[in-house]
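Biologist: I should like to learn how to read a structure such as this one, feature by feature. Where would you suggest that we begin?

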Amino acid sequence: MHTLLLTLLIIVSLALIVIVLLQSGKSAGLSGAISGGAEQLFGKQKARGMELVLHRITIVLAVLFFILTLAIVKI
């Protein structure tokens with residue numbers, strides 16, 4: 001059981017890394033670092049198409065990552 005969970009955790013981790021790297025940056029430079037969080041916080045940037053799919057896959061993989069990590073710690 002431990003080996004199965006560990007294997008799933010490695011697969012989910014690699015998939016999460018790939019999905020995050022596929023996403024495009026919201027803004028560039030120092031001004032983007034300061035204002036980028038505010039734009040995302042207040043919802044000025046709405047994801048469409050592939051960006052929305054990548055965003056949702058990232059959320060699912062992150063939740064799976066945390067659940068698998070907690071499951072491995074408990075075993």
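Modeller: Let us begin with a single residue and work outwards, remembering throughout that this is a predicted model. The residue I72 belongs to helix α3, which covers residues 50-74.

Biologist: Is I72 buried or exposed, and why?

Modeller: The cut-off needed here is that a residue is buried under 20% relative accessible area. I72 counts as buried because its relative accessibility is 15%.

Biologist: Which residues is I72 in contact with, leaving aside its neighbours within four places in sequence?

Modeller: The contacts of I72 are H2, L5, L6 and L9. Two of these show how sequence and space can be compared. L9 is 63 residues from I72 in sequence, yet their C-alpha atoms are 8.9 Å apart in space. For L6 and I72 the separation in sequence is 66 residues, and the C-alpha atoms are 7.1 Å apart.

Biologist: Where does L6 lie, and is L6 buried, exposed or partly exposed?

Modeller: L6 has its place in helix α1. With a relative accessibility of 36%, L6 counts as partly exposed.

Biologist: May we now turn to the chain as a whole? How many helices and strands does the protein chain have?

Modeller: The protein chain has three helices and zero strands, and from the N terminus on the order of elements is α-α-α. Of its 75 residues, 17% are buried. Among contacts with a separation of 6 or more, 92% join residues 24 or more positions apart.

Biologist: How is the span of a helix to be checked?

Modeller: The expected span comes from 1.5 Å a residue, and it is compared with the distance between the end C-alpha atoms. Helix α1, residues 2-22, has 21 residues and should therefore span 30 Å; its end C-alpha atoms are 30 Å apart, which agrees. Helix α3 has 25 residues, and the 36 Å from its first C-alpha to its last is close to the expected 36 Å.

Biologist: How should one read the faces of a helix?

Modeller: An α-helix has 3.6 residues a turn, so residues three or four places apart point the same way. In this structure, the buried residues of α1 are L5, L9, V12, S13, L16 and I19. Seen down the axis of α1, these buried residues fall within an arc of 135°, so they line one face of the helix. The face turned away from that buried side carries the exposed residues T3, L4, I11, L14, L21 and L22.

Biologist: What do the buried residues of α1 pack against?

Modeller: They pack against α3. On the other helix, the buried residues of α3 are L54, T58, L61, L68 and I72, and what covers them includes α1.

Biologist: T58 is in that list. Why does T58 count as buried, and what does T58 touch?

Modeller: T58 counts as buried because its relative accessibility is 16%. Not counting residues up to four places away in sequence, T58 touches L16, I19, V20 and Q23.

Biologist: Which residues form the largest nonpolar core?

Modeller: As a general idea, in soluble globular proteins nonpolar side chains tend to be buried together. Here the largest nonpolar core has nine residues, namely L5, L9, V12, L16, I19, L54, L61, L68 and I72. The elements giving two or more residues to this core are α1 and α3, and the largest share, five residues, comes from α1.

Biologist: How is a pair of aromatic rings described?

Modeller: It is described by the distance of the centres and the angle of the planes. A search of the whole structure finds one aromatic pair. The rings of F65 and F66 have centres 5.8 Å apart and planes at 75°, so this pair is edge-to-face. F65 is partly exposed, its relative accessible area being 27%, whereas F66 counts as exposed at 55% relative accessibility.

Biologist: Finally, which residues does the "transmembrane region" annotation cover?

Modeller: According to the unreviewed UniProt entry, the annotation "transmembrane region" covers residues 53-73. In the model, that span is 100% helix and 0% strand, and its end C-alpha atoms lie 30 Å apart.

How values were computed:
Residues numbered from 1 in each chain as written. Predicted model: local features only at pLDDT ≥ 70, side-chain atom pairs only at ≥ 80, totals over all residues. Heavy atoms only, no water. UniProt positions renumbered as here; feature names shortened; annotations may be inferred. Helix = DSSP H or I, 4+ residues; strand = E, 2+ residues; numbered from the N terminus. Buried < 20%, exposed > 50% of the residue type's maximum accessible area, 1.4 Å probe, protein only. Contact = heavy atoms within 4.5 Å. Expected span 1.5 Å × (residues − 1). Arc of directions from axis to C-beta. Core = buried A, V, L, I, M, F, W, Y, C linked by side-chain atoms within 4.5 Å. Phe/Tyr/Trp six-rings, centres within 6.5 Å; stacked < 30°, edge-to-face > 60°.
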